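Let's take a relaxed walk through this model, looking at how some helices pack and at the spaces inside. Here it is.

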Amino acid sequence: MARTRLAAFLIGMASSFSVVAGQLRPMPRRVAFPVDLFALGIASKIRTDCNSTASAASDFGRIMEAAPEAVLHPATPADIAALIRFSTSSPVPFPVSPRGQGHSVRGQSLAPGGVVVDMRTLGRGHHRINVSADYVDAGGEQLWVDVLRATLKHGLAPRAWTDHLQLTVGGTLSNAGIGGQAFRHGPQIANVHELDVVTGTGEMVTCSRDKRKDLFFAALGGLGQFGIITRARIALESAPKQVRWVRLAYSDVVAFTRDQELLISKHASEAGFDYVEGQVQLNRTLTEGPKSTPFFSEADINRLAGLASETGSGAIYFIEAAMYYDETTAPSVNQKLKMVLAQLSFVPGFVFTKDVTYFQFLDRVRVEEVVLRSAGVWDVPHPWLNLFVPRSRILDFDACVLKDILGGDNPVGLILMYPMNTAKWTSQMTAVKPPTVEDVFYMVGLLRSALSADELEHLQRENQSVLAFCDKEGIECKHYLPHYTSQDGWRRHFGAKWSNIAQLKNKYDPHMIMSRGQRIFPLPTVPAASMATT
């Protein structure tokens, strides 16, 4: 009877996600799990108590909730393979989703009615970061900050980073992994030599550009649809010691975007900054927001607010950039920075700089997290919206979205806006970019937090207005960290790649059990005979 009840639940599972506007509520356990699972060798590593399942029922977004039936604490990748093989051999295969830091924002790491794999336990009790001369082998469960610590001991570091290092290797590689180094090195997935993947059939596969390359490129940026990344071989470069951290203020979006694009162009990037991003501060954020930040002093904030008032600009824009150096290049860093700044059109006098260690710069978001946690605004809903916007439409987006739809806002959070070079994103990647022939596209991240149920509803309405505007005006945006509620939405998202993705899904996860929280593929039809199995 256990499997009969499980089958009935799984058939209706597509509607089991709970959209939460306010405090999350633990969902009740609805079905008994297949008792055969506890006869496996991994039985001692499976938890079904309410505390375990409740802890895996939500994610960083704190918007969607779906309780798993159990949580697996694997000691080895073979434990994960055993779980997946059991699911696929069951009359009604159940969902399996890996969970690292649970940093998805729309339920992508959830496994309603299935099993969440707590990836963090893979790294307990033994070291799973091994550094070589030009690469590092890191377990999929490892935090990027720990990869950084391990490689720095050898004077080395990965080339591409996300802004937040308290994320797992497997988690960011399943999406793409973007940050201020992407203009030069591409996303993190472009800097991987080899993977170990446990597929949706329970097969343990080592893959690369030369070996099982279809799985290699499918898993990188594949949103967990084809298997679980348990190891990645990541390219390394010599690590700098210090960073000149720079922010340049603009009141004019045209000058801001022109200078950003100059800085990421081949000629300028070779001799200029090693990291380039951008932020947008709406006027109310400057006048009513925090009086200081980990980067800006209270005096800096006051000057910036005065600039916004004097110029009448709806927002102040910042180029955030970094110039790496060490003992040998330190004497020339001032002159190098001066030469780069001479090419730019920021507001005179609005140059802000700090010298920090390389580690401090890369782990800078951790400092901001501590501040937000102490203020009680970290564990709140995060209705984030990340879009890749074509270069030719970024000024339209700024005028109609940032200065109109969002113009009166004072959000908790930040707005990112920076360009990337299209050539660094290859057609082999599962991750998608805007379908244009332009050589640059922009990352725009509305990374806002909701401090109340009403605010969450308001921010989600604004997100919908942003998307409706893009659709109406024909702005061919692509979502990063995508979320769609229908397969038609996913088909449009992947575009020409959809057919290949569907074929790979049938090959590597024919039972459609992997990362069902993404809701990309419908549940397979359950035969009546299977439903009758006891």
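## Helices and hollows

Helix 8 and helix 15 are oblique to each other, because their axes cross at roughly 135° and angles over 145 degrees would be needed to count as roughly antiparallel. Keep in mind that this is a predicted model. Helix 8 covers residues 253–264, and its axis comes within 11 Å of the axis of helix 15. The crossing of this pair is right-handed.

Helix 15, which runs over residues 394–405, also packs with helix 16, residues 453–472. Here the angle is about 155° and the axes are 11 Å apart. That value is over the cut-off of 145 degrees, so helix 15 and helix 16 are roughly antiparallel to each other. Their crossing is right-handed.

Helix 16 turns up again in the second largest pocket, where it gives the most to the lining, with 6 residues. Strand 17 (385–390), strand 20 and helix 17 are the other elements that supply two or more residues there. This pocket has a volume of about 860 Å³. In total, 33 residues line it, and those nearest its centre are Gln464, Leu467, His479, His483 and Tyr484.

What about spaces that are closed off? The model has 6 cavities of 30 Å³ or more, and the largest cavity holds about 90 Å³ of space. Its lining is made up of 15 residues, with Asn175, Ala431, Val432, Pro482 and His493 closest to the centre. Strand 20, residues 478–480, and helix 17, residues 487–494, each bring at least two residues to this lining. Strand 20 and helix 17 are also among the elements that help to line the second largest pocket.

Where does the largest cavity sit relative to domain 1 and domain 2? It lies between them, because domain 1 (123–238) and domain 2 (242–479) both give residues to its lining.

The two linings can be set side by side by residue class:

| Space | Nonpolar | Polar | Charged |
|---|---|---|---|
| Largest cavity | 10 residues | 5 residues | no residues |
| Second largest pocket | 15 residues | 12 residues | 6 residues |

So the lining of the largest cavity has no charged residues, while the lining of the second largest pocket includes 6 of them.

Definitions and conventions:
Residues are numbered from 1 along each chain as its sequence is written. This is a predicted model: local features need pLDDT of at least 70, side-chain atom pairs count only at pLDDT 80 or more; totals for chains, interfaces and linings use all residues. Side-chain values use heavy atoms; hydrogens and water are left out. On a 1 Å grid over the protein atoms alone, a cavity is a set of points where a 1.4 Å probe fits but cannot get out, and a pocket is an open set with protein on both sides within 12 Å along at least five of seven lines; lining residues have an atom within 4 Å of a point. Grid points are joined across faces, edges and corners, and a volume is the space filled by probe spheres set on the points. Helices (H or I, at least four residues) and strands (E, at least two) are DSSP runs, numbered from the N terminus. Domain bounds come from an automatic or database domain assignment. Axes are lines fitted to C-alpha atoms, for helices over the stretch in contact, and angles run from 0 to 180 degrees between N-to-C directions. Angles under 35 degrees count as roughly parallel, over 145 as roughly antiparallel, 65 to 115 as roughly perpendicular and the rest as oblique. A crossing is left-handed if the near helix is turned anticlockwise from the far one by less than a right angle, and right-handed if clockwise.
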